[in-house]
Each structure stands twice: as C-alpha cells, then as structure tokens.
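Reader: I have a new model on the screen. Please show me how to read it, one feature at a time.

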Amino acid sequence: MKQVTKIFILALLFLGTAQVWAQDEISPERKEAIDSLAMEKVKDLSRYISIIGSKETSFSEANRVIDRTLELFAPNSQIGVSSLYRKDIKYYTVRKYLNRLMALNYDQVTISWYNIQYISDLEPQPDGTYVGVITIYQRFEGKKGDDLTYVDTTKKDITVYVKRKETQIGGRTIGFWDVLLGDIRVAETSK
C-alpha cells in the first residue's frame, strides 16, 4: 500500500511538473504532494534507523538498509549525535552515523520516532531550490543484558530540499520535483 502511495505521489509530481516546467513556483496541489513525499521519506528514515540500530538485524541486512537510507539524503548531509553525558553535539556524515549506530555497544537497542511534523514551510531559495524543516522526537533505549542502561529523548530538525530535475521517459525529457533530506540537527536532548 505504501509503495502504491509513493507511486501515486511521484506520478502527480511528474504529470504536474511536465506541464508547468517553466514556472518557478510550486502550486498548492503540488506542494501538498511534495509535503506528503517528504513525510514518507522521513518515516522511511525512521524505519531504516530502527532496523539498522536493532541488534537482531544481521550485518548483511543492516548494510543493505544503509544503502537504501543513503538514497534519501542530499550529498554531504550530516546527522547530529547528542548524549546526556556531554554538552557538545557531534556531527557525522550519514554513512558514518549509520555505521556507528550499527556498532553501538549494547545488547539491545530500541529507537522510535514520534511527533513528526513540518515546523517551517517550504521556502524558495535563490538557486530555485525549496527548503523546509521537519521536526521529530527520537526516543533511544540501550540495554545490556536485561538492564536498561541508557535512555534519552532528542528533538531533531531535518532539513528538506525540493529541487527540480529532469529525466528521460520514452524519449521525452520530463521535469519533476525531487525531495531529498539534508542535515539533521539536534535541537534538545532530555531524559
């Protein structure tokens, strides 16, 4: 069902954009489709992070999911990592963040995201790209044996980039709006 929804959203983006390629503004209908696609990508990221972080996931499956996760991001994006035990926030490239997540020294890791919502609307940039921010809350639980040894909740802001691109379909050049995730910044961390 999710796959059908994504295909429908992409079809809307392709069809609508092909007719108004010369326009720089996003119509309200197209913006709604783009917002839906961005939220789907954030939910996919949430699911992928949960799979990669789980100690029940095999090494090969985690690596396969890492590759899928990288497809969601714009090049050179970074993800912030915080801890209740230190004040500074460290930023890693997406691949390095995911590799570190997979190697965490716990027997069991549970990561869940909730309250996923836009906090800033898509704003046009001078280069024709649109940028928005989606905020999420992440609850992290790490266990050693049966003991819950670390728990925190982190509010994170995810930059969303919407950019016009072109592709060839049946010999025709078709324009479409692509949605990519950017940096994930830590806004606050609490118990």
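Author: We go from the overall layout to the core, then to the strands and one side chain. Keep in mind that this is a predicted model.

Reader: Where do I start? How many helices and strands does the protein chain have?

Author: Start with the inventory. The protein chain has four helices and six strands. Then read their order along the sequence: α-α-α-β-β-α-β-β-β-β.

Reader: What share of the 191 residues is buried?

Author: Buried residues account for 41% of them. The accessible surface is about 10,900 Å², and carbon and sulfur atoms hold 50% of that. Look at contact range too. Take contacts between residues at least 6 apart in sequence: 63% of these join residues at least 24 apart.

Reader: Now the inside. Which residues have the most contacts inside the largest nonpolar core?

Author: That core has 39 residues, and the ones with the most contacts inside it are Leu-45, Ile-49, Phe-73, Trp-113, Val-162 and Leu-181. Next, ask who supplies it. Helices H2, H3 and H4 and strands E3, E4, E5 and E6 each give at least two residues. H2 gives the most, with nine residues.

Reader: Pick one core residue. What is Trp-113 in contact with, leaving aside neighbours within four places in sequence?

Author: Trp-113 is in contact with Val-42, Leu-45, Ser-46 and Ile-49, and also with Ile-136, Tyr-137, Gln-138 and Ile-158.

Reader: On to the strands. How do E3 and E4 run, and how many bridges join them?

Author: They run antiparallel, joined by 12 bridges. Use a pair to find the register: Tyr-114 stands opposite Tyr-137 in E4. The two strands form a hairpin with five residues between them. In that turn, Gly-128 has a positive phi of about 90 degrees.

Reader: And E4 with E5? How many bridges are there?

Author: There are 15 bridges, again antiparallel. Here the register marker is Val-131, whose bridge partner in E5 is Tyr-161. This hairpin has two residues between the strands, and Gly-145 takes a positive phi near 65 degrees.

Reader: How should I think about side chains along a strand?

Author: In a regular strand, side chains alternate between the two faces of the sheet. So check each residue on its own.

Reader: Try Gln-168. Is it buried or exposed?

Author: Gln-168 is in strand E5. Its relative accessibility is 53%, so Gln-168 counts as exposed; the cut-off is over 50%. Its side chain also makes a polar contact of 2.7 Å with the side chain of Thr-173.

How values were computed. Residues are numbered from 1 along each chain as its sequence is written. This is a predicted model: local features need pLDDT of at least 70, side-chain atom pairs count only at pLDDT 80 or more; totals for chains, interfaces and linings use all residues. Side-chain values use heavy atoms; hydrogens and water are left out. A nonpolar core is a set of buried Ala, Val, Leu, Ile, Met, Phe, Trp, Tyr and Cys residues joined through side-chain atoms within 4.5 Å. Buried means under 20% relative accessible area, exposed over 50%, partly exposed in between (1.4 Å probe, protein chains only). Contact means heavy atoms within 4.5 Å. Two strands pair if DSSP finds at least two bridges between them. Accessible areas come from the Shrake-Rupley method with a 1.4 Å probe; for residues, only the protein chains shown count as cover. A polar contact is a pair of N or O atoms within 3.5 Å; within protein, one must be able to donate a hydrogen and the other to accept it, and residues adjacent in sequence count only if both atoms are side-chain atoms.
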